[in-house]
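This briefing addresses the contact between two chains, followed by aromatic and charged side-chain pairs. Please consult the sequence and structure shown below.

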Amino acid sequence: MSFLAPAFLLGALAVALPVVFHLIRRTSKEKMTFSSLMFLQPTLPRLTRRNRLENIFLLFLRCLVLCFLALGFARPFFQKPMVNDPQAAAGQKIVLLVDTSASMRRQNLWSLALAKAEEILRNTSPADQVAVFTFDQRARLLAGFDQWTAMNAGERAALTGKQLAGLKPGWASTHLGSALLTAAEFFADTDPQGRTASVRRIVLITDLQEGSRLDGLQGYDWPRGIEVSIEPVKAALPTNAGLQWVVDAEDSAQAADPGVRVRVLNASGSRREQFQIRWEGVTGAAPLDVYVPPGQSRIVPEPALSTNAAADRLTLTGDDDDFDNALYLVQPKPERVNVLFLGDDAENDPAQMLYYVKRAFQQTRRQVVGVVALSAKLPLAASDAAGVTFVIVTGSLPRAQLEIVKKMLHDGVTVLVVMRDAREGEALSELAGASISCSEAQASGYAMFGQIDFEDPLFAPFADPRFSDFTKIHFWKHRRLDTGQLSRARTVARFDNGDAALVEILADKGRLFVLASGWQPSDSQLALSSKFVPLLYSMLELSGGVRSKLAQYHVGDEVDLAPLKSAQPLIVRKPDGSEVRLAIGEARFVQTELPGIYTVTSQQPLARFAVNLDASESRTAPLPVEEFMRLGVPMKMQEVEVAKQADQKRRLHNAELENQQKLWRWLIVASLVVLLMETCLAGWLTRRATNEAAI
Amino acid sequence: MAQSRFVTPTAPRVAGPLIDPQTLMAIRNLELRARVVVEGFWHGLHRSPYHGFSVEFTEYRQYSPGDDPRYLDWRLYARTDRFFIKKFEDETNLRCQLLVDNSRSMTYGSLGYTKAQYANTLAATLAYFLHQQGDAVGLMTFDEQIREYLPARHRTGHLRHLMLRLEQPAGGKATDLSAPLRRVVEVVKKRALMVLISDLLAPVETLEKNLGSLAACGHELLLFNIFDPTELNFNFDTPIMFHDIESGRDLFIDPATARKDYLNKLNAHIEAVRSVCRKLGVGYRDFATDRPLELALFDFLRERMQRGKGTVKFRRYA
């Protein structure tokens, strides 16, 4: 039996109260004023004969009446089970997204996540369909709807749970946004119309860390009928700090300082602020104390290391979670790049071109560019050409030298010929292997770049409108080139009068650039413009002088091994000792699943690169759920609201039952009967007392 | 209601009927009340209060052996051949100071009037009586300190003033006899008859000390201890919350269990006060407010007589 208004049952208690109080004490609230209480002591209430109950049966009847009334007002009814909602019987489609990013390696988060997943799987009805995805940088399908349906209904949860239990969180960063979108697209792919299930849910099991990337969620048009519910798992200890390598700009002025700077990042909500950084595997090196308040980061230089010691791993101590406390470092050595300058220019004469070339190429972290200037008239030895990647020719070369330069060009060296004079056309024709006519252009004011191919790698860095203004570079003099007979020539830039300004001619392996004017002040303002140095470096890069270095990568990054220029199959040894052999010609290494030092063993000397955890994984402070709402994620209604709805439904059902049964009427009748009995009994007792008194 | 054991054992033999205090208190005017009592008293005691007073009592007295023969009225002896002693006209009048307790406990009363009203009527009666005899009467009302003070005088209008002061309602606090009695010692320099009218619901120790200092100053003391009959009997029947007028304290009392203890303590208190009075030579009378006021006047006079000081006056023979 249940009651529609159980609060009225308390009325039955009220019946007992006066009786109980009557039995306990008789305390008067009435006051008697008296002159002085100096002769009086307080007395305790005591039971007297009048406290005893008389006519217990009568009292019982009266109490019974009140109890019946209270019971009647409570509206009792007999409970019957609710009829299930037919819509709910259709089952729901659930995509379970389980976070396997590096931050899930903290404490017991993974076991909590597994427990949650198992609970969700267990609570599914046979009509439900479940697909399970794991995600870190990308989402991976573990089990689809088809697999779920194919399984025996009783074993679905257990088998899928077992599949999940066989997994472990990896080291990749969290791309929560793309995972959610993948899940939404999965719904769209499997059931485009959304007809088979009334509810389509994405259940997200994650640590909901601040560093989860929510890219792509903003403005995404969510398919109808999808709701996302988040089941966060929470770490017991909130403190987490991580290490990150601060990469200096490549042309940093601190090139001479080979030191490494690291950023220590402390998650907001941390309880610790004092940390230490030490080199792992190095004895005697003093650790570095770092103070980082919660939610902030500090950049500190690496701890001091003795000159001969070599270490490639920095460790952070003083943190609760150590999954992100190691930083692997492979410090690249600056590479020597040789530039050969052939011409008669004086090194210290600002009116000459060499003056500017010397100053354009500065030593950076990545390379040390050495400009070797040789006179065009002096014989060029083969040793001079060794190791040269870029040749600048500014003067007329003798035949012998032309041959050497031509050979270099065909071997893959980039050559820039600066047309200082129209007479150099012959030499140019010799180098290009075709006749190129050259004449001095008519000097009428100045010329400037009028047409530039910004898609060419040479000018690609200037493609941005902020940098693409070349009109301030005036060319007082230039030469007119005719490359009509050269099919391999491509004009990269033209002057505003239509003359070719910069021509690229492809040789066998090398590349020949012809600049129709010089950059010395007598010819143009090119050397004085901000475009000059980037232009030279672009040429240097195209010549292969500036190579992208193997150094620092994050877990999951693709490593381009092409700069190694190996003709052999590449073999990469991973930090766990396993080796990966790439196919011949394949230069993309994608198996960067572990943080640590990777070594290309097929190269001599060994090429090494470090793979570290993404810095965003260290930001483990919980992400507010409101952030999802802000991004328009269709969040599932709060559990409270669902419970409220269920409660409302149950109440309606109860009211309906009570209305059908109407037991209260019988209770009122019963109370009236008892009241009648009470009246009779009371009357009889009164008459008897009167008679006794009369006697 | 149980019979009070504090009823005065020696009822006076007065000729007329005594006036019931409840009837008396129905008279609003205090002076009128006092006059009714006093005249009724004279009426019962003598044929006329104005006859013989000056002739037999005031002027002459028959010679008795032991009297000083210098005070014999020889001329009267010549006329009547009897010895009379002639009193001087310039005799010293009695100075009487009435001390009336106006503390809050005096506002209690179960008979339709309070102890304070009864005490004021008593004081008014005494004042009227003494004034009629030509004595100087003063008044001092007090609670924990002196509220009203009228020096003892006998002049026209003084009695009126005194009555007006007595008609002021009692509004004091706790009964603390120490401060007012100390003050009396300071204020009243001439020897006088001090009549203290109070319920004396205060520690006996302080009473003893202060009465002692008054007696030491040469004052003659007479103490009327006023009680309400309920206070003396404690004849309540139901357990009830008692509210102390003086302290404002509430106490749950079951009279059935508390009565015996209460009466014992009250008796002990009265006995202690009586003992103190005996020791100090202070006249003591306990009074329930249901007693006719004539009896109080009678007690007053009898007290005076017992002390051998004449009816009402100190007499000095020339």
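**Interface of chain A and chain B**

Between chain A and chain B, 6 residue pairs are in polar contact, both residues at pLDDT 80 or more. The model is predicted. The contact draws on 19 residues from chain A and 30 residues from chain B.

- About 2,500 Å² is buried between chain A and chain B, with 68% of it on carbon and sulfur atoms.
- The rule finds 0 salt bridges across this interface.

**Aromatic pairs**

- Over all chains, the search of the whole structure yields 40 aromatic pairs.
- One of them is edge-to-face and consists of A:Phe34 and B:Tyr108, at 5.2 Å centre to centre with 70 degrees between the planes.
- This pair crosses between chains: A:Phe34 belongs to strand E2 (residues 31-34) of chain A, and B:Tyr108 to the loop between strand E3 (95-101) and helix H5 (115-132) of chain B.
- A:Phe34 counts as buried because its relative accessibility is 0%; B:Tyr108 is also buried, with a relative accessible area of 7%.
- A:Phe34 also pairs with B:Phe236; the ring centres are 5.7 Å apart and the planes stand at 80 degrees, so this pair is edge-to-face.
- Because A:Phe34 lies in strand E2 of chain A and B:Phe236 in the loop between helix H9 (229-233) and strand E8 (240-244) of chain B, the pair joins two chains.
- Both A:Phe34 and B:Phe236 are buried.
- One aromatic cluster comprises A:Phe34, A:Phe39, B:Tyr108, B:Phe234, B:Phe236, B:Phe242 and B:Tyr262.

**Charges over rings**

- In chain A, A:Arg359 lies over the face of A:Tyr355, 3.8 Å from the ring centre.
- In chain B, B:Arg291 lies over the face of B:Phe287, 4.6 Å from the ring centre.

**Salt bridges**

- The whole structure holds 40 salt bridges over all chains.
- B:Asp143 and B:Arg147 form a salt bridge through their side chains at 2.7 Å, N to O. B:Asp143 is buried at 1% relative accessible area, whereas B:Arg147 is partly exposed at 43%.
- B:Lys279 and B:Glu208 form another, at 2.4 Å, N to O. This pair links distant parts of the chain, 71 residues apart, with B:Lys279 in helix H10 (residues 255-280) and B:Glu208 in helix H8 (residues 204-216) of chain B. B:Lys279 counts as exposed at 58% relative accessibility, while B:Glu208 is partly exposed at 28%.
- B:Glu271 and B:Arg274 meet at 3.8 Å, N to O, in a salt bridge; both lie in helix H10 of chain B, 3 residues apart, about one turn of the helix.
- A network of salt bridges links A:Asp453, A:Asp456, A:Arg490, A:Glu504 and A:Arg511.

Terms used
Residues are numbered from 1 along each chain as its sequence is written. Chains are lettered from A and ligands numbered from 1 in the order in which they are written. Side-chain values use heavy atoms; hydrogens and water are left out. Rings of Phe, Tyr and Trp (its six-membered ring) pair if their centres lie within 6.5 Å; planes under 30 degrees apart count as stacked, over 60 as edge-to-face and the rest as tilted. Helices (H or I, at least four residues) and strands (E, at least two) are DSSP runs, numbered from the N terminus. Buried means under 20% relative accessible area, exposed over 50%, partly exposed in between (1.4 Å probe, protein chains only). A charge sits over a ring if NZ of Lys or CZ of Arg is within 6 Å of the ring centre and within 35 degrees of the ring normal. Contact means heavy atoms within 4.5 Å. Buried area is the accessible area (1.4 Å probe) that two parts lose on being put together, summed over both. A salt bridge is a side-chain nitrogen of Lys or Arg within 4 Å of a carboxyl oxygen of Asp or Glu. A polar contact is a pair of N or O atoms within 3.5 Å; within protein, one must be able to donate a hydrogen and the other to accept it, and residues adjacent in sequence count only if both atoms are side-chain atoms.
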